[in-house]
Amino acid sequence: MSGLEAMTVSVPFVWLGIVIGISFVETPLKFRAPGVTLAIGLGIGRLVFGALGRIEAVLVLALAFLLAVSGIGGLAVYAVFGALCALVVAQLLVVRPRLARRTDAIIAGVDVPASHMHQIFIALDLIKLVGLAALGALLVMGVG
């Protein structure tokens with residue numbers, strides 16, 4: 001495996017680790033820390049998920065470039081990668097703006113009705129985890 005191919009294979013696994021670390025470790029734990037109120041936790045979450053969104057955009061672009069220049073991957077790889085791209089776009093352009101508006105209102109002390117947006121975001125992250133693991137496995141096995 002060339003260095004370029006190794007870089008291509010590594011990106012889905014690095015991305016997977018980042019999503020697990022932020023979405024499934026940091027996020028739930030911050031609300032359990034002493035002295036962290038809902039407003040503070042939401043404020044931290046906005047900063048962290050804003051950074052995550054930028055990191056994911058860079059990873060999508062980097063992986064698109066690496067797939068194009070490395071020459072590895074076939075139809076299955078591109079299908080899974082395309083689905084991941086669509087998922088990230090949905091999170092960044094549809095779900096996160098709605099969460100941001102709700103978070104702003106809660107931080108401002110406004111009583112807002114219940115929402116399923118967080119559960120939708122979590123479900124999309126779970127699908128993303130499966131997709132990233134599948135993409136990484138396809139690339140490692142040279143399938144696709």
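Is Lys128 buried or exposed, and what is its relative accessibility? In this predicted model, Lys128 counts as buried, at 0% relative accessibility. The legends below take up Lys128 and its partners, then a second salt bridge, and then a patch on the surface.

**View 1. A salt bridge joins Lys128 and Glu56.** The side chains of these two residues meet with a distance of 2.6 Å from N to O. Lys128 belongs to helix 4, which covers residues 117–141, while Glu56 belongs to helix 2, so the pair ties together parts that are 72 residues apart in sequence. Glu56 has a relative accessible area of 3%, so this residue is classed as buried, the cut-off being under 20%. Lys128 falls under that cut-off as well, because its relative accessibility is 0%.

**View 2. Asp125 forms a salt bridge with Lys128.** The closest N and O atoms of this pair are 3.0 Å apart. Both residues lie in helix 4, where they are three residues apart, or about one turn of the helix. Asp125 is buried, and Lys128 is buried too.

**View 3. Glu56, Asp125 and Lys128 are linked in a network of salt bridges.** Lys128 takes part in the contact with Glu56 and also in the contact with Asp125. Glu56 comes from helix 2, whereas Asp125 and Lys128 come from helix 4.

**View 4. Lys30 and Glu26 meet in a salt bridge within helix 1.** The N to O distance between their side chains is 3.6 Å. The two residues are four residues apart in helix 1, which means that about one helical turn separates them. Lys30 has a relative accessible area of 9% and is therefore buried, as this value is under 20%. Glu26, at 23% relative accessibility, is partly exposed, because this value lies between the limits of 20% and 50%. In total, the structure holds four salt bridges.

**View 5. Leu4, Met7, Phe65 and Val69 make a nonpolar surface patch.** The patch has an area of about 370 Å². Helix 1 (3–30) and helix 2 (38–70) are the elements that give two or more residues to the patch. One of the patch residues, Phe65, is found in helix 2. Phe65 has a relative accessible area of 53%, so this residue is classed as exposed, the cut-off being over 50%.

How values were computed. Residues are numbered from 1 along each chain as its sequence is written. This is a predicted model: local features need pLDDT of at least 70, side-chain atom pairs count only at pLDDT 80 or more; totals for chains, interfaces and linings use all residues. Side-chain values use heavy atoms; hydrogens and water are left out. Patches are made of residues with over 30% relative accessible area and no salt bridge: like charges are joined within 9 Å, nonpolar side chains (Val, Leu, Ile, Met, Phe, Trp, Tyr) within 5 Å. Accessible areas come from the Shrake-Rupley method with a 1.4 Å probe; for residues, only the protein chains shown count as cover. Buried means under 20% relative accessible area, exposed over 50%, partly exposed in between (1.4 Å probe, protein chains only).
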